[in-house]
Amino acid sequence: MTVSVPARPYPYPLEPAHVALVVIDMQRDFIEKGGFGDSLGNDVARLEAIVPTTADLIGLFRAKGWAIVHTREAHLPDLSDCPPAKIRRGNASLRIGETGSMGRLLVRGEPGNQIVDALAPMAGEIVIDKPGKGMFWATGLHEKLQALGITHLVFAGVTTEVCVQTSMREANDRGYESLLIEDATESYFPQFKAATIEMMVAQGGIVGWVTPLAELQKAVA
Ligand code: TIU
(Lines give C-alpha, C1' and ligand atoms only; values in the text may rest on other atoms or scores of the structure.)
Protein backbone atom coordinates (compact mmCIF):
# COMPACT_ATOMS: atom_id res chain seq x y z
CA MET A 1 0.00 0.00 0.00
CA THR A 2 1.43 3.37 -1.01
CA VAL A 3 2.36 5.75 1.82
CA SER A 4 2.08 9.45 1.05
CA VAL A 5 5.10 11.29 2.52
CA PRO A 6 4.82 15.10 2.76
CA ALA A 7 7.69 16.39 0.62
CA ARG A 8 8.69 18.97 -1.91
CA PRO A 9 7.53 19.55 -4.62
CA TYR A 10 4.50 17.36 -3.74
CA PRO A 11 3.86 14.26 -1.59
CA TYR A 12 6.24 11.34 -2.27
CA PRO A 13 4.44 8.05 -3.03
CA LEU A 14 6.52 5.58 -0.98
CA GLU A 15 6.04 1.89 -1.78
CA PRO A 16 6.95 -0.08 1.38
CA ALA A 17 7.39 -3.36 -0.50
CA HIS A 18 9.72 -1.83 -3.08
CA VAL A 19 11.81 0.76 -1.24
CA ALA A 20 15.50 0.80 -0.33
CA LEU A 21 17.56 3.28 1.64
CA VAL A 22 20.83 4.37 0.02
CA VAL A 23 23.47 5.86 2.34
CA ILE A 24 26.13 7.46 0.18
CA ASP A 25 29.82 7.46 1.19
CA MET A 26 29.56 8.03 4.97
CA GLN A 27 33.19 6.94 5.19
CA ARG A 28 36.02 8.36 7.27
CA ASP A 29 37.70 9.65 4.05
CA PHE A 30 35.11 12.43 3.86
CA ILE A 31 34.09 12.93 7.48
CA GLU A 32 37.32 12.84 9.51
CA LYS A 33 40.50 14.88 9.48
CA GLY A 34 43.36 13.30 7.50
CA GLY A 35 41.09 11.88 4.80
CA PHE A 36 40.37 12.72 1.17
CA GLY A 37 37.91 15.55 1.92
CA ASP A 38 40.39 17.17 4.27
CA SER A 39 43.18 16.81 1.66
CA LEU A 40 41.06 18.83 -0.76
CA GLY A 41 41.01 21.71 1.75
CA ASN A 42 37.49 21.21 3.09
CA ASP A 43 36.09 21.79 6.61
CA VAL A 44 35.10 18.20 7.39
CA ALA A 45 33.32 19.07 10.68
CA ARG A 46 30.21 20.13 8.73
CA LEU A 47 29.67 16.56 7.54
CA GLU A 48 29.95 14.88 10.94
CA ALA A 49 26.87 16.80 12.08
CA ILE A 50 24.49 14.59 10.07
CA VAL A 51 25.69 11.30 11.58
CA PRO A 52 22.96 11.15 14.31
CA THR A 53 20.11 11.88 11.85
CA THR A 54 21.52 9.36 9.38
CA ALA A 55 21.74 6.77 12.19
CA ASP A 56 18.06 7.40 13.01
CA LEU A 57 17.14 6.97 9.33
CA ILE A 58 19.04 3.68 9.13
CA GLY A 59 17.31 2.61 12.36
CA LEU A 60 13.91 3.31 10.81
CA PHE A 61 14.67 1.12 7.77
CA ARG A 62 16.04 -1.66 10.01
CA ALA A 63 12.93 -1.53 12.20
CA LYS A 64 10.72 -1.80 9.11
CA GLY A 65 12.83 -4.59 7.59
CA TRP A 66 13.35 -2.54 4.42
CA ALA A 67 16.45 -2.89 2.23
CA ILE A 68 19.54 -0.81 2.97
CA VAL A 69 22.45 -0.02 0.63
CA HIS A 70 25.69 1.55 1.86
CA THR A 71 28.17 2.93 -0.66
CA ARG A 72 31.83 3.83 -0.35
CA GLU A 73 33.88 5.78 -2.87
CA ALA A 74 36.69 3.26 -3.13
CA HIS A 75 39.38 2.14 -5.56
CA LEU A 76 41.28 -1.11 -5.99
CA PRO A 77 44.74 -1.05 -4.35
CA ASP A 78 46.45 -0.96 -7.79
CA LEU A 79 44.17 1.98 -8.79
CA SER A 80 43.32 0.15 -12.05
CA ASP A 81 39.71 1.34 -11.63
CA CYS A 82 40.71 4.99 -11.13
CA PRO A 83 41.04 7.14 -14.24
CA PRO A 84 44.38 9.03 -14.29
CA ALA A 85 42.37 12.24 -14.75
CA LYS A 86 40.70 11.65 -11.37
CA ILE A 87 44.08 11.27 -9.67
CA ARG A 88 45.53 14.35 -11.42
CA ARG A 89 42.57 16.65 -10.73
CA GLY A 90 43.01 19.60 -8.41
CA ASN A 91 45.69 20.82 -6.09
CA ALA A 92 45.31 18.33 -3.25
CA SER A 93 47.87 18.03 -0.46
CA LEU A 94 47.52 14.24 -0.84
CA ARG A 95 46.18 12.44 -3.89
CA ILE A 96 44.09 9.28 -4.30
CA GLY A 97 46.26 6.27 -3.41
CA GLU A 98 48.74 8.27 -1.37
CA THR A 99 49.14 7.56 2.34
CA GLY A 100 47.62 9.84 4.94
CA SER A 101 46.94 9.44 8.64
CA MET A 102 44.09 6.94 7.90
CA GLY A 103 45.98 4.96 5.25
CA ARG A 104 45.82 5.29 1.48
CA LEU A 105 43.19 7.79 0.33
CA LEU A 106 40.04 6.28 -1.23
CA VAL A 107 41.55 2.79 -1.39
CA ARG A 108 39.48 -0.27 -0.49
CA GLY A 109 40.25 -1.83 2.87
CA GLU A 110 42.17 1.15 4.27
CA PRO A 111 41.08 2.58 7.66
CA GLY A 112 39.91 5.82 6.03
CA ASN A 113 37.74 3.93 3.58
CA GLN A 114 35.56 2.43 6.34
CA ILE A 115 32.08 3.73 7.04
CA VAL A 116 32.02 5.61 10.35
CA ASP A 117 31.31 3.33 13.32
CA ALA A 118 27.94 4.89 14.17
CA LEU A 119 26.61 3.98 10.70
CA ALA A 120 28.38 0.66 10.20
CA PRO A 121 26.57 -1.77 7.88
CA MET A 122 24.95 -4.84 9.43
CA ALA A 123 24.93 -8.38 8.03
CA GLY A 124 22.50 -8.68 5.13
CA GLU A 125 22.79 -5.05 4.04
CA ILE A 126 24.25 -4.27 0.63
CA VAL A 127 27.68 -2.59 0.58
CA ILE A 128 28.88 -1.14 -2.72
CA ASP A 129 32.41 0.03 -3.53
CA LYS A 130 32.05 2.57 -6.32
CA PRO A 131 34.95 3.97 -8.36
CA GLY A 132 32.97 7.01 -9.50
CA LYS A 133 30.83 9.68 -7.92
CA GLY A 134 27.65 7.94 -9.09
CA MET A 135 26.55 4.64 -7.49
CA PHE A 136 25.60 2.86 -10.72
CA TRP A 137 28.83 3.30 -12.72
CA ALA A 138 30.82 0.01 -12.70
CA THR A 139 29.05 -1.39 -9.60
CA GLY A 140 26.30 -3.77 -10.77
CA LEU A 141 23.93 -2.08 -8.29
CA HIS A 142 21.06 -1.64 -10.76
CA GLU A 143 20.89 -5.41 -11.34
CA LYS A 144 20.98 -6.08 -7.57
CA LEU A 145 18.12 -3.63 -6.95
CA GLN A 146 16.10 -5.02 -9.85
CA ALA A 147 16.50 -8.54 -8.45
CA LEU A 148 15.01 -7.28 -5.17
CA GLY A 149 12.13 -5.53 -6.97
CA ILE A 150 13.25 -2.10 -5.74
CA THR A 151 11.63 0.83 -7.53
CA HIS A 152 11.85 3.53 -4.83
CA LEU A 153 15.05 4.91 -3.30
CA VAL A 154 15.45 7.07 -0.21
CA PHE A 155 18.79 8.91 -0.21
CA ALA A 156 21.16 10.10 2.53
CA GLY A 157 24.89 10.77 2.74
CA VAL A 158 27.65 12.98 1.43
CA THR A 159 28.28 15.19 -0.32
CA THR A 160 24.93 16.53 -1.46
CA GLU A 161 26.07 18.08 -4.73
CA VAL A 162 28.74 15.53 -5.65
CA CYS A 163 28.11 11.83 -4.96
CA VAL A 164 24.51 12.14 -3.71
CA GLN A 165 23.34 14.29 -6.59
CA THR A 166 25.20 12.22 -9.21
CA SER A 167 23.70 9.01 -7.79
CA MET A 168 20.19 10.47 -7.61
CA ARG A 169 20.41 11.67 -11.22
CA GLU A 170 21.69 8.24 -12.33
CA ALA A 171 18.76 6.67 -10.43
CA ASN A 172 16.32 9.06 -12.11
CA ASP A 173 17.49 8.00 -15.58
CA ARG A 174 17.05 4.34 -14.59
CA GLY A 175 13.43 4.89 -13.59
CA TYR A 176 13.68 4.98 -9.79
CA GLU A 177 11.49 7.32 -7.71
CA SER A 178 13.94 9.06 -5.39
CA LEU A 179 13.46 10.92 -2.09
CA LEU A 180 16.36 12.82 -0.50
CA ILE A 181 16.29 13.23 3.31
CA GLU A 182 17.54 16.78 3.66
CA ASP A 183 18.82 16.59 7.24
CA ALA A 184 20.67 13.35 6.49
CA THR A 185 22.79 14.85 3.70
CA GLU A 186 25.47 17.52 3.84
CA SER A 187 28.00 19.40 1.77
CA TYR A 188 31.27 21.17 2.57
CA PHE A 189 29.47 24.18 1.02
CA PRO A 190 26.05 25.08 2.54
CA GLN A 191 25.12 27.10 -0.53
CA PHE A 192 25.70 24.06 -2.77
CA LYS A 193 23.48 21.85 -0.58
CA ALA A 194 20.70 24.44 -0.77
CA ALA A 195 21.10 24.90 -4.53
CA THR A 196 21.14 21.15 -5.15
CA ILE A 197 17.89 20.68 -3.26
CA GLU A 198 16.26 23.52 -5.20
CA MET A 199 17.33 22.12 -8.58
CA MET A 200 16.12 18.61 -7.69
CA VAL A 201 12.61 19.69 -6.76
CA ALA A 202 12.24 22.36 -9.45
CA GLN A 203 10.19 21.70 -12.57
CA GLY A 204 7.82 19.35 -10.75
CA GLY A 205 10.60 17.25 -9.19
CA ILE A 206 12.80 16.90 -12.26
CA VAL A 207 15.23 14.73 -10.24
CA GLY A 208 13.02 13.71 -7.33
CA TRP A 209 11.58 14.67 -3.94
CA VAL A 210 13.09 16.18 -0.77
CA THR A 211 11.86 16.06 2.85
CA PRO A 212 13.20 16.08 6.43
CA LEU A 213 13.48 12.79 8.35
CA ALA A 214 10.66 13.75 10.73
CA GLU A 215 8.14 13.80 7.86
CA LEU A 216 9.17 10.31 6.75
CA GLN A 217 9.05 9.02 10.35
CA LYS A 218 5.53 10.40 10.88
CA ALA A 219 4.24 9.13 7.53
CA VAL A 220 5.37 5.53 8.07
CA ALA A 221 4.60 5.34 11.82
N1 TIU B 1 34.60 16.24 -2.83
C2 TIU B 1 33.31 16.01 -2.60
O3 TIU B 1 32.53 16.89 -2.28
N4 TIU B 1 32.81 14.73 -2.71
C5 TIU B 1 33.48 13.64 -3.20
O6 TIU B 1 34.60 13.70 -3.67
N7 TIU B 1 32.82 12.44 -3.10
C8 TIU B 1 31.54 12.30 -2.57
O9 TIU B 1 30.72 13.20 -2.61
N10 TIU B 1 31.26 11.15 -1.95
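## Around the ligand

Let's start with the ligand: it is surrounded by Asp25, Phe30, Phe36, Leu40, Glu73, Lys133, Val158, Thr159, Val162, Cys163 and Tyr188. Keep in mind that this is a predicted model. Sorted by class, that shell comes out as 7 nonpolar, 1 polar and 3 charged residues.

## Polar contacts and burial

Two charged side chains and one stretch of backbone supply polar atoms here. On the glutamate 73 side chain, an N or O atom is 2.9 Å from a nitrogen atom of the ligand. Lysine 133 has a polar side-chain atom 2.9 Å from a ligand oxygen atom. Valine 158 joins in through its backbone, where an N or O atom lies 3.2 Å from a nitrogen atom of the ligand. As for cover, the ligand taken alone exposes 290 Å², and the protein buries 93% of that.

## The pocket

Where does the ligand sit? The ligand is in the largest pocket, which has a volume of about 630 Å³. A total of 32 residues line this pocket, and Phe36, Leu40, Glu73, Lys86 and Lys133 are the ones nearest its centre. Helix H2 (36-39), helix H5 (84-88) and helix H7 (160-173) are the elements that each give two or more residues to the lining.

By class, the lining of the largest pocket breaks down into 18 nonpolar, 7 polar and 7 charged residues. Phe36, Leu40, Glu73 and Lys133 turn up again here: they belong to the ligand's surroundings and also to the group nearest the pocket centre.

## Backbone oddities

A few spots in the backbone deserve a look if you plan to set up geometry checks. Most peptide bonds are trans, and most residues other than glycine have a negative phi. Which residues does the cis bond with omega near -15° join? That bond runs from valine 158 to threonine 159. Both residues are among those surrounding the ligand, and threonine 159 is in the loop between strand S8 (152-158) and H7.

Another cis peptide bond links arginine 8 to proline 9, with omega about 5°. Proline 9 is placed in the loop between strand S1 (3-5) and strand S2 (12-14).

Then there's alanine 138, a residue other than glycine with a positive phi, near 60°. You'll find alanine 138 in the loop that runs between strand S7 (126-130) and helix H6 (141-147).

Definitions and conventions: Residues numbered from 1 in each chain as written. Predicted model: local features only at pLDDT ≥ 70, side-chain atom pairs only at ≥ 80, totals over all residues. Heavy atoms only, no water. Near = heavy atom within 4 Å. Polar contact = N/O pair within 3.5 Å; in protein donor to acceptor, adjacent residues only side chain to side chain. Areas by Shrake-Rupley, 256 points an atom, 1.4 Å probe, with all protein chains shown as cover. 1 Å grid on protein atoms, 1.4 Å probe; cavity = no way out; pocket = protein on both sides within 12 Å on 5 of 7 lines; lining within 4 Å. Sits in = over half its atoms within 2 Å of the grid points. Nonpolar A, V, L, I, M, F, W, Y, C, P; charged D, E, K, R; others polar. Points joined across faces, edges and corners; volume = space filled by probe spheres on them. Helix = DSSP H or I, 4+ residues; strand = E, 2+ residues; numbered from the N terminus.
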